Amino acid sequence: IQLNLETFVRAYGSESNLKVLDFGCGQGHQTEVYAKLFPSVSFVGFDPCKSSIRKGKESLSTRPQVPNLRLMDSDEFNASDNAAEFDAVISSEVIEHIPDTAKVIHSLEAMIKPGGMMCFTTPWGPWEWDGKRSDLMIEETRSRYVMPIEMHLHHFEQADLRDLFGNRQEFKITVVSTELTQFGAARGQFTSSWRVSGLAEE
């Protein structure tokens, strides 16, 4: 996402008062990183989990102020009119947790100004399976059984992302390999991005 933001900001210029929404930001740690990297851009970090945003704000209060960053929970976010408000919406490994992915993306597109950017990452590789195997190894050492938790509702391959969003303007997928797991399998992220034409895409 950082590379996409760099290209986007460079195309618009540093004095263009860009505004970016980080959807599903958790406690806003990565949003803070982006805000510091791009001080001329205003960042809004949104997460529906009120406790995550509260903890994020508490954490921010212990460090030097980041004037171009604001964290918002669902009440704060829904109280404002967000139609065509943002120049870009980013989201890091969130949509695989959402039941109706297409509906949420459609709603996010409606918040983006014409010509703005949608950019999100999704994991690829055996993230869930390795988590289960790790849990099983821990169970063996502790001599007790703990039910592994499945966090991902969806597993997206490149073909799935193209089927869902391939009709978008300037759609592209960047494959990022992040690591080898402890079991020797590769895993990483798909970064999907496109331009929003104006009205939310069909």
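What follows is a friendly set of questions and answers about a predicted model.

Me: Happy to start with the overall layout: what pattern does the chain follow along the sequence?
Reply: The chain holds seven helices and seven strands. Read from the start of the sequence, they come in the order α-β-α-β-α-β-α-β-α-β-α-α-β-β.

Me: Among contacts between residues at least 6 apart in sequence, what percentage joins residues at least 24 apart?
Reply: Some background on the chain helps here: it has 202 residues, and buried ones make up 41% of them. Of the contacts between residues at least 6 apart in sequence, the share joining residues at least 24 apart is 73%.

Me: Let's turn to helix α2. Which residues of α2 are buried, and how wide an arc do they cover?
Reply: Helix α2 spans residues 29–37, and its buried residues are Thr-31, Glu-32, Tyr-34 and Ala-35. They sit on the same side of α2, because the arc they cover around the axis is only 160 degrees.

Me: Which elements do the buried residues of α2 pack against?
Reply: The partners include both helices and strands. The helices are α1 (2–12) and α3 (50–60). The strands are β1 (19–23), β2 (42–46), β3 (69–72) and β4 (86–92).

Me: Lys-36 and Glu-32 meet in a salt bridge; how many residues apart are they in helix α2?
Reply: The N to O distance between these side chains is 3.1 Å. Glu-32 counts as buried because its relative accessibility is 6%, under the 20% limit. An α-helix has 3.6 residues a turn, so residues three or four places apart point the same way. Both Lys-36 and Glu-32 lie in α2, about one turn of the helix from each other, and the separation is four residues.

Me: Which residue joins Glu-32 and Lys-36 in a network of salt bridges?
Reply: By the distance rule, the structure has eight salt bridges. Some of them link Glu-32 and Lys-36 into a network with a further residue, Arg-63.

Me: Now for Asp-73: why does it have no salt bridge with Lys-50?
Reply: Asp-73 is in the loop between β3 and α4 (74–78), and it is buried. A salt bridge needs a side-chain nitrogen of Lys or Arg within 4 Å of a carboxyl oxygen. Lys-50 is the nearest side chain of opposite charge, so Asp-73 has no salt bridge at that distance, which is 5.4 Å.

Me: Which backbone nitrogen lies 3.1 Å from a polar atom of the Asp-73 side chain?
Reply: Leaving out residues up to four places away in sequence, Asp-73 touches Phe-46, Asp-47, Lys-50 and Ile-53. The backbone nitrogen 3.1 Å from its side chain belongs to Asp-75.

Me: Which residue does Lys-50 meet in a salt bridge?
Reply: Lys-50, in helix α3, is linked to a residue of helix α4 that is 25 residues apart from it. At 42% relative accessibility, Lys-50 counts as partly exposed, and its partner is partly exposed at 47%. Their N to O distance is 2.5 Å, and the partner is Asp-75.

Me: Are Arg-168 and Glu-109 buried or exposed?
Reply: Their side chains meet in a salt bridge with an N to O distance of 2.9 Å. Arg-168 is in the loop between α7 (158–165) and β6, while Glu-109 is in helix α5 (residues 101–109), 59 residues apart. As for Arg-168 and Glu-109, both are buried.

Me: On to the rings: how is the aromatic pair of Phe-77 and Phe-86 classed?
Reply: This is one of nine aromatic pairs in the structure. The two ring centres are 6.5 Å apart. Planes under 30 degrees apart count as stacked, so with 10 degrees between them this pair is stacked.

Me: Which residues form a cluster through ring pairs?
Reply: Phe-77 counts as buried at 5% relative accessibility, and Phe-86 does so at 1%. Ring pairs link these two with others into a cluster of Phe-23, Phe-46, Phe-77 and Phe-86.

Me: One last question: where is Glu-170, which has a positive phi?
Reply: Phi of Glu-170 is near 60 degrees, although the residue is not a glycine. At 55% relative accessibility, Glu-170 counts as exposed. Its place is in strand β6.

Note on methods:
Residues numbered from 1 in each chain as written. Predicted model: local features only at pLDDT ≥ 70, side-chain atom pairs only at ≥ 80, totals over all residues. Heavy atoms only, no water. Buried < 20%, exposed > 50% of the residue type's maximum accessible area, 1.4 Å probe, protein only. Helix = DSSP H or I, 4+ residues; strand = E, 2+ residues; numbered from the N terminus. Arc of directions from axis to C-beta. Contact = heavy atoms within 4.5 Å. Lys, Arg positive; Asp, Glu negative; His and termini not counted. Polar contact = N/O pair within 3.5 Å; in protein donor to acceptor, adjacent residues only side chain to side chain. Phe/Tyr/Trp six-rings, centres within 6.5 Å; stacked < 30°, edge-to-face > 60°.
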